[in-house]
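Open the structure in your viewer and keep the selection panel at hand. We will go from the inside to the outside, one selection at a time.

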Amino acid sequence: MTGMIEYLNSIWATVPADYQYLVIVTSQILAVAMTVILTVAFTTYFERKVIGYMQGRLGPNRVGPFGLGQPFADVLKLLIKEVIVPAKSNRFLFIIAPLLAITPALAAWAVIPLSDNFVIADIDAGLLYVLALTSVGVYGVIIAGWATNSKYALLGAMRSGAQIVAYEIAMGFALVGVLMAAGSLNLGDITRAQAGGFSHWFLFPLLPLFLVFFVSGVAETNRAPFDVTEGESEIVAGFHVEYSGVAFAIFFLAEYANIILISTLTSIFFFGGWASFFEGWTFLGEGHFLRQPSFFWLAAKISFFVFVFFWLRATFPRYRYDQIMRLGWKVFIPITIAWIAVEGVMSWLHWGPWSGSAG
């Protein structure tokens, strides 16, 4: 075995440095993408189990032990189902729309720091990159609704587009507050700015912005109670009503990938990312593993927020469309603008994240 490893290392040493870098980055991209896709598969299982228990049902329990094979059975079923393209639809746009929805959800992971030493692209404008990509996802929804040549699908797409635009503005203002507190657009730097224990997390000085960001994320992913785009009694399941098979599956892959992405961004922007909750707790000992920052802390925070997504779906009824739009335009946007002004005062007085800043 040792000889094989040495032989492979000798071959690797002959590869030019540029190609080595290309192979390493490609491997990282494939690893992250496959991890996200597998996590999405089991997130569907987790959702059905959580909501089942909350509603006094069992959830999936037939395919495999504890029903763990249910996500793979669902994938297999959708893969073998026929993709029906409506006769009078725009075939090219009909097919490309699901890809426009899933691509931003996966591409955003390029700048997400999963730990202190692992990020695919450590760019300085990471926050702007994420904000831009989350905005692009609406094109897949709009194009899907228009390309099917169905009034029901188009109505669902228009409602979804208007909702996403409203909450995207509030989310952008909330991220301005994070930028002011961290002093950087780099997601790794934003995480490091919260080092020193949970009392240093941005959750406390930016609490209103955290609530606005997370609720806006729920609305942007068209999840209950903001899922008016899928109001079955009104618009027959929304913009993807004409989709089937793999094309239908890709839309839901994008939705669940966005759920995980919003949960990850919330953890990074307001909960210290990979930082330990017990950082700075001296009674644990200097080298105690609970005090060490790691990916497992980030994964735990992501899991909690994904659970909150499902908790909201099991708890709240669907809002009316006028209520949703009023919340986005007349409540969230004024709150974020007001809190940015409050942050300006906190910065001037050197409170909170600015307490260690130079005058």
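Start inside this predicted model, where the largest cavity has a volume of about 330 Å³. To centre your view on this cavity, select Gly137, Val141, Glu220, Thr221 and Asn258, the closest to its centre of the 22 residues that line it. Next, colour α4 (91-107), α5 (126-147) and α10 (245-270), the elements that give two or more residues to this lining. Which of them gives the most? It is α10, with seven residues. By class, the lining of the largest cavity has 13 nonpolar, six polar and three charged residues.

A search of the whole structure finds two cavities of 30 Å³ or more, so to speak a short list to visit. For the second largest, select Val111, Pro113, Val119, Ala121, Asp122, Ile123, Gly126, Asn186, Leu187 and Gly188, which line it. About 30 Å³ of space lies there, and the lining of this second largest cavity divides into six nonpolar, three polar and one charged residue.

Now turn to the pockets. The largest pocket has a volume of about 1,000 Å³. Select Thr44, Asp74, Leu78, Phe252 and Tyr256: of the 35 residues that line this pocket, these are the closest to its centre. Then show α2 (17-54), α3, α10 and α11 (295-315), the elements that give two or more residues to its lining. The largest share comes from α2, with nine residues. Classing the lining of the largest pocket gives 19 nonpolar, four polar and 12 charged residues.

Keep α2 selected for the next stop, the second largest pocket, with a volume of about 390 Å³. Thr35, Thr39, Ile260, Phe295 and Ile302 are the ones to pick here, being the closest to its centre of the 18 lining residues. α2 and α11 each supply at least two residues of this lining, and α2 gives the most, with nine. How many charged residues does the lining of the second largest pocket have? There are no charged residues in it, but 13 nonpolar and five polar.

Finish on the surface. Select Val75, Leu76, Leu79, Ile80, Val83 and Val246, which make a nonpolar surface patch of about 540 Å². Helix α3 (residues 70-80) provides the largest share of this patch, four residues. Zoom in on Leu76, which lies in helix α3. Is Leu76 buried or exposed? Leu76 counts as exposed because its relative accessibility is 54%, and the cut-off for exposed is over 50%.

Note on methods:
Residues numbered from 1 in each chain as written. Predicted model: local features only at pLDDT ≥ 70, side-chain atom pairs only at ≥ 80, totals over all residues. Heavy atoms only, no water. Patch = residues over 30% accessible without salt bridge, like charges linked within 9 Å, V, L, I, M, F, W, Y side chains within 5 Å. Areas by Shrake-Rupley, 256 points an atom, 1.4 Å probe, with all protein chains shown as cover. Salt bridge = Lys/Arg side-chain N within 4 Å of Asp/Glu carboxyl O. Buried < 20%, exposed > 50% of the residue type's maximum accessible area, 1.4 Å probe, protein only. 1 Å grid on protein atoms, 1.4 Å probe; cavity = no way out; pocket = protein on both sides within 12 Å on 5 of 7 lines; lining within 4 Å. Points joined across faces, edges and corners; volume = space filled by probe spheres on them. Nonpolar A, V, L, I, M, F, W, Y, C, P; charged D, E, K, R; others polar.
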